[in-house]
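Take a moment to look at the structure before reading on. We will walk through it together, one part after another.

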Amino acid sequence: MTSVSVRDLSLNFGAVTVLDKLNLDIDHGEFLVLLGSSGCGKSTLLNCIAGLLDVSDGQIFIKDRNVTWEEPKDRGIGMVFQSYALYPQMTVEKNLSFGLQVAKIPQPEIDKRVKRASEILQIQPLLKRKPSELSGGQRQRVAIGRALVRDVDVFLFDEPLSNLDAKLRSELRVEIKRLHQSLKNTMIYVTHDQIEALTLADRIAVMKSGVIQQLADPMTIYNAPENLFVAGFIGSPSMNFFRGAVEAKDGRSFVRVNDVAFDVTTYPAHTGLQPGQKVVLGLRPEHVKVDEAREGHEVHQAVVDIEEPMGADNLLWLRLAGQSMSVRIAGQRRYPPGSTVRLTFDMAVASIFDAVSENRL
Amino acid sequence: MDNMVASNNTLTAYDKGPGRITAGPSGRKPRRRLSRRNIIVYGTLIVVALYYLLPLYVMIMTSLKGMPEIRVGNIFAPPLEITFEPWVKAWAEACTGLNCDGLSRGFWNSVRITIPSTIISIAVASVNGYALANWRFKGAELFFTILIVGAFIPYQVMIYPIVIVLREMGVYGTLTGLVIVHTIFGMPILTLLFRNYFAGLPEELFKAARVDGAGFWTIYFKIMLPMSLPIFVVAMILQVTGIWNDFLFGVVFTRPEYYPMTVQLNNIVNSVQGVKEYNVNMAATILTGAVPLVVYFVSGRLFVRGIAAGAVKG
Ligand SMILES: Nc1ncnc2c1ncn2[C@@H]1O[C@H](COP(=O)(O)OP(=O)(O)OP(=O)(O)O)[C@@H](O)[C@H]1O
Ligand SMILES: [Mg+2]
């Protein structure tokens with residue numbers, strides 16, 4: 001049974017089409033992250049699900065009920081916004097209870113729910129304060145509380161953490177994950193922060209200009225990106241791309257990039273590679289081994305350009321095949337600029353894309 | 001310790017001896033009161049202020065003199081003998097046309113015109129502006145364009161058609177008719193004012209309220225109104241002064257017994273019978289202008305306080 005289901009959803013603002021025949025099914029209790037760059041239509045999709053935007057075409061089901069034309073309050077959703085959107089003239093307590101009072105829920109029940117939500121989010125000491133007297137993190141907690149008291153099955157988050165500083169963001173991220181584990185309700189979470197997406201999601205939907213590029217669990221998205229866009233969008237620093245052509249020799253397959261031929265015989269789908277085919281070879285920075293020559297792996301020489309020590313990791317920027325590439329190694333291994341390193345590649349975890357269709361091969 | 005002082009004071013970097021470290025400038029940078037810039041700025045302000053205050057001074061002085069003293073001449077001289085007779089006469093006895101009960105009748109007429117017109121126009125315009133800003137209904141753009149165009153049509157063009165409309169409605173010449181006219185004429189500018197203000201409030205607040213289940217009126221009264229005190233004060237100042245100072249509509253759309261204060265003032269000042277009583281005229285003018293003046297003073301302070309108290313910010 002699906003919790004939220006979007007069928008052939010289209011939305012346009014005048015002549016501008018933001019979403020075009022989008023389909024999405026979200027399971028009960030699933031944490032789905034909508035990830036994409038600015039302006040790709042994430043908020044628009046979320047607002048459609050919430051009922052804050054009238055769809056141009058298509059249907060939306062929540063708990064198998066067609067809610068396409070229903071008011072936001074009747075859809076069984078709670079929503080948290082990027083700007084907190086707390087009612088400035090009301091105390092925290094009032095902010096939490098406003099929706100319940102509008103719905104004419106009896107006062108004892110309201111008190112009970114407000115108490116429970118404020119305990120879960122640890123905001124009891126703040127109940128009598130106005131939003132202007134709270135810090136950013138506290139405000140966002142209250143905003144989450146406002147969704148919590150509604151006692152709904154589906155939570156919608158629109159970039160709830162992007163107004164917070166880095167430390168608070170990671171704290172609240174953990175808290176949201178904990179909340180999801182204890183409440184077990186469906187969450188749809190919009191962000192353009194890939195760390196949030198990878199850490200929180202059961203499944204990630206990567207979006208680009210209103211189209212879902214790939215919908216999969218975080219590890220699949222990370223290790224087996226469906227196309228060039230997803231591969232480049234996920235990962236920091238991003239995947240190294242080498243544009244070249246396929247060559248075959250002595251029963252082995254190679255991707256030739258300028259003067260370097262990468263042996264890709266261990267790539268799972270290498271038999272599908274046609275000699276002469278233009279491809280893009282993608283290598284994650286951590287999938288490159290430095291000075292760890294192994295039996296049966298070919299070795300390439302490269303020169304260190306820049307070293308970026310990051311504590312746990314050390315990031316090397318190298319020149320190979322006439323372009324710059326990044327390599328991640330353990331923090332204690334240091335290579336001053338100018339040193340020569342010997343690289344080996346694990347092609348079993350590499351990605352190869354067709355240069356024309358940009359899809360994974 | 002010495003290091004701390006030095007880091008607060010760049011000049012001491014040039015001082016060699018440790019004993020002289022505290023000798024350089026410290027604390028707030030002194031500003032010369034009589035700099036050329038200040039003289040120009042304050043000089044201009046004082047001249048302009050005097051230019052506007054002088055007529056008021058003359059009026060008040062003249063209104064406190066008796067007629068014999070006025071005939072003597074110097075309009076700037078303070079009264080030798082203060083008398084409130086002109087004020088009493090202006091308020092209660094001055095003659096306009098047939099009746100001789102002074103400005104008081106006009107004052108009450110103006111009150112009865114201004115209060116309902118202000119309240120109704122602000123109430124309607126704020127709801128209009130709210131609907132236009134937040135509930136982009138079908139045809140909202142067209143409606144708004146028409147409203148704005150309405151603001152630029154000269155009043156004079158519309159006077160006669162309105163006379164006919166009011167006559168057909170049976171309210172021509174009454175206070176009700178005038179209230180309707182003022183309400184309608186205030187609509188474009190006030191709607192624009194409110195629409196822009198509401199459009200400037202965070203949109204997510206409105207969305208949050210909708211998710212919370214609040215409808216059109218609940219959002220208006222519970223969410224929007226409490227955040228909008230400053231703009232209501234601005235609208236009130238605009239309307240009260242505008243309607244109170246109106247002359248044209250007052251003459252055209254009402255009968256003599258309903259004339260607003262401005263029209264009566266004109267009739268007193270311009271009455272051709274008898275001698276010109278300058279002191280009474282001055283007193284009458286000040287009385288008429290007092291209401292907008294009071295509104296400015298009282299609500300202007302309220303307005304500033306409203307902003308300072310964070311009524312605008314979240
Ligand atoms: N009211 C509107 N009228 C016209 N175009 C709009 C409107 N709202 C959004 N758009 C357009 O729709 C597209 C998607 O907007 P949306 O707000 O969904 O982006 P987003 O993915 O949430 O981006 P961000 O990460 O910046 O929030 C954008 O190109 C935007 O310009
Ligand atoms: Mg957005």
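The paragraphs below go from the parts within each chain to the place where the chains meet, and then to the ligand.

Keep in mind as you look that this is a predicted model. Let us start with chain A, which is divided into domain 1, residues 2-233, and domain 2, residues 240-354. Taken over their C-alpha atoms, the centres of domain 1 of chain A and domain 2 of chain A lie 39 Å apart. The two do touch: 9 residues from domain 1 of chain A and 9 residues from domain 2 of chain A take part in the contact. Together, domain 1 and domain 2 of chain A bury about 670 Å², and 54% of this area is on carbon and sulfur atoms.

Which three residues give the most to the area that domain 1 of chain A buries against domain 2 of chain A? They are A:Tyr222, A:Leu228 and A:Ala231, which supply 70% of that area, more than any other three residues. If you look for salt bridges between these two domains of chain A, the count is 0. Polar contacts are found there, though, with 2 residue pairs across the interface of domain 1 and domain 2 of chain A.

Now turn to chain B. Here domain 1 covers residues 36-83, while domain 2 is made of two stretches, 104-259 and 281-310. The centres of domain 1 of chain B and domain 2 of chain B are separated by 35 Å. In the contact between them, 4 residues of domain 1 of chain B meet 4 residues of domain 2 of chain B. These two domains of chain B bury about 390 Å² between them, with 94% of it on carbon and sulfur atoms. On the domain 1 side, B:Met59, B:Thr62 and B:Ser63 supply 80% of the area buried against domain 2 of chain B, more than any other three residues.

What kinds of residues make up the side of domain 1 of chain B that touches domain 2 of chain B? That side has 2 nonpolar residues, 2 polar residues and no charged ones. Between domain 1 and domain 2 of chain B there are 0 salt bridges, and the count of residue pairs in polar contact is also 0.

Next, look at where the two chains come together. In this contact, 16 residues of chain B meet 24 residues of chain A. Chain A and chain B bury about 1,800 Å² between them, 63% of it on carbon and sulfur atoms. Three residues, B:Glu204, B:Val211 and B:Asp212, supply 37% of the area that chain B buries against chain A, more than any other three residues. Between the two chains you will find 2 salt bridges. B:Asp212 appears again here, as its side chain meets that of A:Arg150 in a salt bridge, 3.9 Å from N to O. The interface of chain B and chain A also has 7 residue pairs in polar contact.

Finally, find ligand 1. The residues around it include A:Phe13, A:Val18, A:Lys42, A:Thr44 and A:His192. Three other side chains each bring a polar atom to an oxygen atom of ligand 1: A:Ser38 at 2.4 Å, A:Ser43 at 2.5 Å and A:Glu159 at 2.9 Å. Taken alone, ligand 1 exposes 630 Å², and the protein buries 57% of that.

How values were computed
Residues are numbered from 1 along each chain as its sequence is written. Chains are lettered from A and ligands numbered from 1 in the order in which they are written. Side-chain values use heavy atoms; hydrogens and water are left out. Domain bounds come from an automatic or database domain assignment. Contact means heavy atoms within 4.5 Å. Buried area is the accessible area (1.4 Å probe) that two parts lose on being put together, summed over both. A salt bridge is a side-chain nitrogen of Lys or Arg within 4 Å of a carboxyl oxygen of Asp or Glu. A polar contact is a pair of N or O atoms within 3.5 Å; within protein, one must be able to donate a hydrogen and the other to accept it, and residues adjacent in sequence count only if both atoms are side-chain atoms. Ala, Val, Leu, Ile, Met, Phe, Trp, Tyr, Cys and Pro count as nonpolar, Asp, Glu, Lys and Arg as charged, and the others, Gly among them, as polar. A residue is near a molecule or strand if one of its heavy atoms lies within 4 Å of it. Accessible areas come from the Shrake-Rupley method with a 1.4 Å probe; for residues, only the protein chains shown count as cover.
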